[in-house]
Amino acid sequence: MLAVSPRRDSMQDNQQTADHYTKQWSSDLGFRSFVQQNAEAAKAMPSRQLPWAELFERIRKQASERKTSVYDAACGFGDILNQLAASPVPANLEYVGADIHGALDTIERFGIATLFNHDITSELPTRQQFDFIVCRAAIHHTPSPRATFHTLVRQLAPGGTIAITAYAKKAPMREAVDDVLRAAIIPMPNDEAFATANQLTALGRDLQRSQGQITIDNDLPFLGIKAGTYDIQTFIYNHFIKCWHNPAFSEQHCDLVNFDWYHPPFAFRYKRDELREWAASCGLEIVNEASTEAQHYLECRSSR
């Protein structure tokens with residue numbers, strides 16, 4: 001559960017997080033447009049591989065029948081709002097989004113959305129309680145993700161549902177290498193870090209061009225390696241270093257994915273049982289969970 005970074009004060013960390021995501025979700029990089037125009041390519045993202053779409057359909061169905069409030073904690077570039085507000089917009093949907101970055105003005109609000117420039121580690125100033133709280137691929141970027149989870153749960157209405165995704169802990173060599181690289185990249189200004197991320201993209205691209213494979217005959221549990229046959233890039237990516245490349249993405253958007261991993265001040269990783277303990281500590285019932293190599297999904301219901 002590591003996030004290596006030079007020790008700095010929390011205001012500096014918060015400002016870097018805000019600056020990082022202001023660049024990442026800016027219209028200049030155009031990731032929102034890319035996702036909207038390239039649905040097949042977007043399937044490579046954990047957000048499309050985990051059960052979010054099922055949850056969003058349930059929210060839309062409920063909001064078509066009765067008033068339903070949603071808090072999108074760390075709303076990013078507005079992708080969740082885009083999916084919830086797909087035509088026909090549910091008549092009774094009330095959406096509140098919050099994020100620390102400065103690119104919220106790029107998000108279309110569909111006439112139903114209220115957006116706050118707000119740090120999700122504290123409660124919203126509205127003191128509202130919500131039927132659904134979603135925090136997708138963001139809680140691990142806060143200084144104390146467990147405390148952030150508790151803060152979100154306090155804003156959940158009785159019988160409400162909260163769903164999060166958090167980074168999954170990787171093989172030990174991958175964890176070690178990523179942390180060393182993060183420690184070097186975190187202090188860089190945005191543009192320097194983004195340019196550095198291109199070297200990770202290039203490594204992933206060139207590894208994918210290799211025709212070779214490696215076969216591991218037996219499980220190597222201490223190393224976090226399972227028996228099987230791997231292409232070279234997958235083997236190195238899963239066990240040694242994140243060097244993300246997908247030919248369906250532009251090079252700039254591949255750089256963005258690597259930038260998102262190595263540059264934010266915090267990037268905690270977890271085993272699934274650790275997230276289950278968060279739910280238990282809040283008295284929540286787990287109703288759905290799933291995992292990919294990259295992230296864990298946890299969906300819980302309040303019984304209070």
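The exercises below work through the fold, the salt bridges and two single residues of a predicted model.

Residues are numbered from 1 along each chain as its sequence is written. Local features need pLDDT of at least 70 and side-chain atom pairs count only at pLDDT 80 or more, while totals for chains, interfaces and linings use all residues, and side-chain values use heavy atoms, with hydrogens and water left out.

**Exercise 1. Describe the overall build of the protein chain.**

Step 1. Take the secondary structure. Helices (H or I, at least four residues) and strands (E, at least two) are DSSP runs, numbered from the N terminus. The protein chain has 12 helices and nine strands.

Step 2. Check the dimensions. The C-alpha trace spans about 55 × 40 × 40 Å along its principal axes. The radius of gyration is taken over C-alpha atoms, and the globule rule is 2.2 Å times the number of residues to the power 0.38. For 304 residues a compact globule would come out near 19 Å; the protein chain has 19 Å, so the two agree.

Step 3. Look at burial. Buried means under 20% relative accessible area, exposed over 50%, partly exposed in between (1.4 Å probe, protein chains only). Of the 304 residues, 53% are buried.

Step 4. Look at contacts, meaning heavy atoms within 4.5 Å. Among contacts with a separation of 6 or more, 73% come from residues 24 or more positions apart.

**Exercise 2. Count the salt bridges and place two that link distant parts of the chain.**

Step 1. Fix the rule. A salt bridge is a side-chain nitrogen of Lys or Arg within 4 Å of a carboxyl oxygen of Asp or Glu. This rule gives 21 salt bridges.

Step 2. Take Lys-23 and Asp-191. Their closest N and O atoms are 3.0 Å apart. Lys-23 sits in helix α1 (residues 10-24) and Asp-191 in helix α9 (residues 190-208), 168 residues apart. Asp-191 counts as exposed because its relative accessibility is 57%.

Step 3. Take Arg-269 and Glu-175. This salt bridge is 2.8 Å, N to O. Arg-269 lies in the loop between α11 (251-262) and α12 (272-281), Glu-175 in helix α8 (residues 172-185), and 94 residues separate them. Both Arg-269 and Glu-175 are buried.

**Exercise 3. Which residues are joined with Arg-205 and Asp-206 into one network?**

Step 1. Start from the pair. Arg-205 and Asp-206 form a salt bridge, with the closest N and O atoms 3.2 Å apart.

Step 2. Read the exposure. Arg-205 has a relative accessible area of 22%, so Arg-205 is partly exposed. Asp-206, at 39%, is therefore partly exposed.

Step 3. Extend the pair. Salt bridges with shared partners join Arg-205, Asp-206, Arg-209 and Glu-251 into one network.

**Exercise 4. Set out the surroundings of Asp-119 and Thr-148.**

Step 1. Locate Asp-119. Asp-119 lies in the loop between β3 (113-117) and β4 (130-135). Asp-119 is partly exposed because its relative accessibility is 22%.

Step 2. List its partners. Beyond neighbours within four places in sequence, Asp-119 is in contact with Asn-14 and Ile-100. Ala-73 is 46 residues from Asp-119 in sequence, and the C-alpha atoms of the two are 8.9 Å apart.

Step 3. Locate Thr-148. Thr-148 belongs to helix α7 (residues 145-153). Thr-148 counts as buried because its relative accessibility is 1%.

Step 4. List its partners. Not counting residues up to four places away in sequence, Thr-148 touches Ile-120, Thr-121, Ile-139 and Thr-142.
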